[in-house]
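Reader: Hi! Could you walk me through a protein structure, step by step?

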Amino acid sequence: MDLKENLVSRHLVFNEKNSKNKFVDELRHEAIEIFDKQGFPNKKDEEWKYTNLAPLLKTDYKLFPESEDISIGYQDVKQYFIHDMDTYKIVFVNGIYSSYLSSTTHEEADICVLSSAMSKMMHQPVVENFYGKIADRKQSLVSLNTAFFKDGAYIYVPDKVILSKPIQLMFFSTANESEVMYHPRNLVVLGNNSQAQIIERHQTLNGKSNLTNVVTEIHVGKNSELDYYKVQNDSLEASLIDNTFIEQERDSRVAVQTFSFGGKITRNNLNFKQKGENCNSILNGVTVISGKQHVDHHTLVEHTEPHCESHELYKGIYDEQSHGVFNGKVFVHPEAQKLNAFQQNNNVLLTNQATIDTKPQLEIFADDVKCSHGCTVGQLDDSALFYMQQRGIPKNEAKALLLYAFAADVLEHVQIPQIKKRITKLIAQKLGVNIDFDL
């Protein structure tokens, strides 16, 4: 029995053990039928042409660890937190909420656990209005997540609330008995005139070839702002498929910054839909990988209303035999007049074995717009490297400085100094130097 058939056959028992309510159960039954028909995506699908999941699907994953031991201390995972600032924390260990490691609230906002929110009447209106309504339920991996999700974060920021501190959303895997497939599900809802900052990270601590298939649904109300940071620096055995769907109401601003440094295979599906005038969508990313690592960024910005903006900038640095993919699409509907859409993907290949497949796309059905896109693929400037060495800078440090300068314009958009400091340190580590870059 292959993995797809195995998952479908196990769904009935899983749902009986993890039944939430009629609303969620009906979505789960619909989802497993979609997944049963579609199966896992393969390289024959245009959207998955350059990312082959087949090697990952040979493993008979556990849906959840056989033992749900979450007895790890803060000292065991401290290095993965941004710990030099005060934050709310929602932490999951082996798919289970860890109250010991978490710091949640119901005072200025509801920052808690989705399974708990689904079981309480006070949260039902928000859950039923947005859960399963923002993500594309027809995508096979989204449907697989819907069918098997057990827990995740629930973040609801009411109207006119500016969160007093950022939220750290952390997922740790420590299970040692076998490889596990995780399906976290997050729901983030910002009311009107509100603001929030969120940092998300998935970390495997056991050296296993785990596979995480996460879905995050985000609704941002009128005149609200959201800054979302994804820090991806997992072990070389672990793989991540990240499906994020964002809908924006008028006058809202959303920025998603994705920093991809680690993992075996990483696939980021980032989807924006602007549902009102004067929306601003910002998509930035930095990828620095080596070995045989693979990172694939697939983005979609859908402009449906006039007077909106989207700005997209992804930078990639690829060493050894690593492989990058960038496929960014901006879709402009006929009604979306007088908008400004910018998209750029720039890449540096450090060896002849490193590869990048890049495909920026514009589909425009409006006639009064400013849209541009482009991509570059190249190598380090030998003359600049030589110039720096002539002035006494060792070759490795000179190379690192040039590469950091290449990625620096993305870091300029980071709003939290502690995040910028952490990302800068990770870039230095990935480039193999011990340099305190000037922030």
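Author: Happy to; we can go through the sheet, the helices on it, some rings and a few single residues.

Reader: What should I know before we start?
Author: This is a predicted model, where local features need pLDDT of at least 70 and side-chain atom pairs count only at pLDDT 80 or more, while totals for chains, interfaces and linings use all residues. Residues are numbered from 1 along each chain as its sequence is written, and side-chain values use heavy atoms, with hydrogens and water left out.

Reader: Cool. What is the strand order in the open sheet?
Author: The open sheet has 10 strands in the order 2-1-5-8-10-12-14-16-18-20, and the pairing is mixed. Strands (E, at least two residues) and helices (H or I, at least four) are DSSP runs numbered from the N terminus. Two strands pair if DSSP finds at least two bridges between them.

Reader: And which strands stand at the edges?
Author: Strand 2 (96-97) and strand 20 (370-378). Each has a single partner strand, so one side of each is left without a neighbour in the sheet.

Reader: What holds paired strands together, anyway?
Author: Strands of a sheet pair through backbone hydrogen bonds, either parallel or antiparallel.

Reader: OK, which sense do strand 8 and strand 10 use, parallel or antiparallel?
Author: Strand 8 (residues 195-204) and strand 10 (residues 225-233) are parallel, with seven bridges. Arg201 sits opposite Val231 of strand 10. Val231 also stands opposite Phe259 in strand 12.

Reader: So how many bridges join strand 10 to strand 12?
Author: Nine, and those two strands run parallel. Strand 12 is also joined to strand 14 by eight bridges, again in parallel. One bridge partner there is Ser281 in strand 14, which goes with Val254.

Reader: Is strand 12 buried or exposed?
Author: Buried: 10 of its 10 residues are, so strand 12 is largely enclosed by the rest of the structure. Buried means under 20% relative accessible area, exposed means over 50%, and partly exposed is in between (1.4 Å probe, protein chains only).

Reader: Nice. Which strands does helix 8 lie across?
Author: Helix 8 (residues 395-411) lies across strand 12 (253-262), strand 14 (280-289), strand 16 (309-318) and strand 18 (340-349), and runs at about 155° to strand 16. Helix 9 (residues 417-430) packs on the sheet too, touching strand 8, strand 10, strand 12 and strand 14, with its direction at about 30° to that of strand 12. Contact means heavy atoms within 4.5 Å. Axes are lines fitted to C-alpha atoms, for helices over the stretch in contact, and angles run from 0 to 180 degrees between N-to-C directions.

Reader: New topic: how many aromatic pairs are there?
Author: The structure holds 11. One of them is Phe81 with Phe172: the ring centres are 5.9 Å apart and the planes at 55°, so that pair is tilted. Rings of Phe, Tyr and Trp (its six-membered ring) pair if their centres lie within 6.5 Å; planes under 30 degrees apart are stacked, over 60 edge-to-face, and the rest tilted.

Reader: Where do Phe81 and Phe172 sit?
Author: Phe81 is in the loop between helix 3 (74-77) and strand 1 (88-93), and Phe172 is in strand 5 (residues 167-173), 91 residues apart. Both are buried. Along with Tyr74 and Tyr80, Phe81 and Phe172 form one aromatic cluster.

Reader: Any charges sitting over rings? What does Lys165 sit over, for instance?
Author: The charged end of Lys165 sits over the ring of Tyr88, 4.6 Å from its centre. Lys315 lies over the face of Phe406, at 4.5 Å from the ring centre. A charge sits over a ring if NZ of Lys or CZ of Arg is within 6 Å of the ring centre and within 35 degrees of the ring normal.

Reader: Let's zoom in on Asp110. Which strand is Asp110 found in?
Author: Asp110 is in strand 3 (residues 110-113), and at 12% relative accessibility Asp110 counts as buried. The side chains of Asp110 and His106 are joined by a polar contact of 2.8 Å. A polar contact is a pair of N or O atoms within 3.5 Å; within protein, one must be able to donate a hydrogen and the other to accept it, and residues adjacent in sequence count only if both atoms are side-chain atoms.

Reader: Last one: which residues is Arg267 in contact with, leaving aside neighbours within four places in sequence?
Author: Glu47, Trp48, Thr51, Leu240, Ile241, Asp242, Asp296 and His298. Arg267 is in strand 13 (residues 265-274), and Arg267 counts as buried at 2% relative accessibility.
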